[in-house]
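Reader: I am a first-year student, and I would be grateful for a close look at the aromatic rings of this protein. Please explain each term as it arises.

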Amino acid sequence: MSLHTSLPLASEIALAHSQSVLTLIKERILASDGWISFEQFMNLALYAPGMGYYSSGATKLGSAGDFVTAPEISSLFGRTLALQLLQISECLKHPYILEFGAGSGRLALDILIELEKVSELPEKYFIMEVSAELRQRQQTLLASKAPHLIHRVEWLEQLPDQFNGIILANEVLDAMPVHLVAWHDNAIFERGVIWQNDQLAWQDRPLQDIDLHSIAGQITSQINPSSDSRFEYVSEFNLTASGFMRSLAKLLHQGVILLIDYGFGRNEYYHPQRNQGTLMCHYRHHAHDDPFYLPGLQDITSHVDFSAVTHAAVDSGLTLLGYTTQAFFLINSGITQILAQTPAEDTARYLPQSNQLQKLISPAEMGELFKAIAFGKEFTEPLTGFSAGDMSRLL
């Protein structure tokens, strides 16, 4: 059975939308001498205004969407995160919160409800969301579930020049467009996209970008330790994520940046055996590796190189406060204590939450692949979420 016949069928309306996105990409390719980088392709497929996956109205999250994030799995995630944010807030003069890419709004909702129960609410909870459709969903959810709290939330059209407080991003870095770099024939190439035989196709061209060439050159001996002339390898480089960290470092005056995403440190990311990279697509809860399938209707992601994120952050004046697995972070921050607030005898409520906790912390689920990493500026207090299981040595 081929990949395409094993995936759920799209509606006629969805197919027509994807065809419009495909036409846009084709036109961009033809206007660019017949070749665009994969980074340009991914940016169009995900973020073309009004058309890309994150810019259109398709349901992305939850059982009706394409994938499920931790806040959608359980309120335990946001409630636990709130306890870590509370510890940070108590050390700040201006404990505002700024969340990037808030998804359905579920994380913001759970954080605010928990903070209201255990302490004071932040004066403002800012959300920076590039998707107008997701912004509307966030506003609808908060207005329906916590109307008394929505005045605390402010959606930003653009970032302020300066920010004091906590910057939060859950599964944001993995959705940033990446460059694909290929090693073969004793040379380094950038993998791009062409229009051939009335469809999208791959084409490698000699790597021209100076920054990419410098980074790729640094890991060549790591991914090809035996200097094999027949060596072939493909992987991703997320220059956007590094630029994002530099922007946050410039933005943040005093406070903490907390990022949660799936990925590895550089040595594990660019392991010799990971010779096909980490690029992955998600369509209706089916994971596959064809980014050309129904552009505009599916998510395209890659794992995060947390070493590159850290180098960009530290070089920009931030301090690494901790790096660990999601399991350690949640346990350190108090997720089991939050679960214990529901009596085990109340099986109708306790058992579902216990199962949800296992999905969040089990090594076979999200517990080890997902990592939490924190950076500070004018902030030196040890964070409870990283009190055990720190993995900073792997960056």
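Author: The following account concerns the aromatic rings and their pairs. The model is a predicted one, in which local features need pLDDT of at least 70 and side-chain atom pairs count only at pLDDT 80 or more, while totals for chains, interfaces and linings use all residues. Residues are numbered from 1 along each chain as its sequence is written, and side-chain values use heavy atoms, with hydrogens and water left out.

The structure contains 19 aromatic pairs. Rings of Phe, Tyr and Trp (its six-membered ring) pair if their centres lie within 6.5 Å; planes under 30 degrees apart count as stacked, over 60 as edge-to-face and the rest as tilted. One of the pairs joins Y53 and Y54, whose ring centres are 5.0 Å apart and whose planes stand at 85 degrees, so this pair is edge-to-face. Both Y53 and Y54 are buried, a word that here means under 20% relative accessible area, with exposed meaning over 50% and partly exposed in between (1.4 Å probe, protein chains only).

Another edge-to-face pair is formed by Y262 and F370, with 5.2 Å from centre to centre and 65 degrees between the planes. This pair connects distant parts of the chain, since Y262 belongs to strand 10 (residues 252–264) and F370 to strand 16 (residues 370–377), 108 residues apart. Strands (E, at least two residues) and helices (H or I, at least four) are DSSP runs, numbered from the N terminus. Y262 has a relative accessible area of 8% and is therefore buried; F370, at 9% relative accessibility, also counts as buried.

Ring pairs also build a cluster, which links W183, F231, Y233, F237, F264, Y269 and Y270. At F264, one of these rings, R274 lies over the face, 4.2 Å from the ring centre. A charge sits over a ring if NZ of Lys or CZ of Arg is within 6 Å of the ring centre and within 35 degrees of the ring normal.

To close, the three settings may be placed side by side. Y53 and Y54 are both buried and meet edge-to-face at 85 degrees. Y262 and F370 are likewise edge-to-face, and their pair spans 108 residues from strand 10 to strand 16. In the cluster that includes W183 and F264, the face of F264 has R274 over it.
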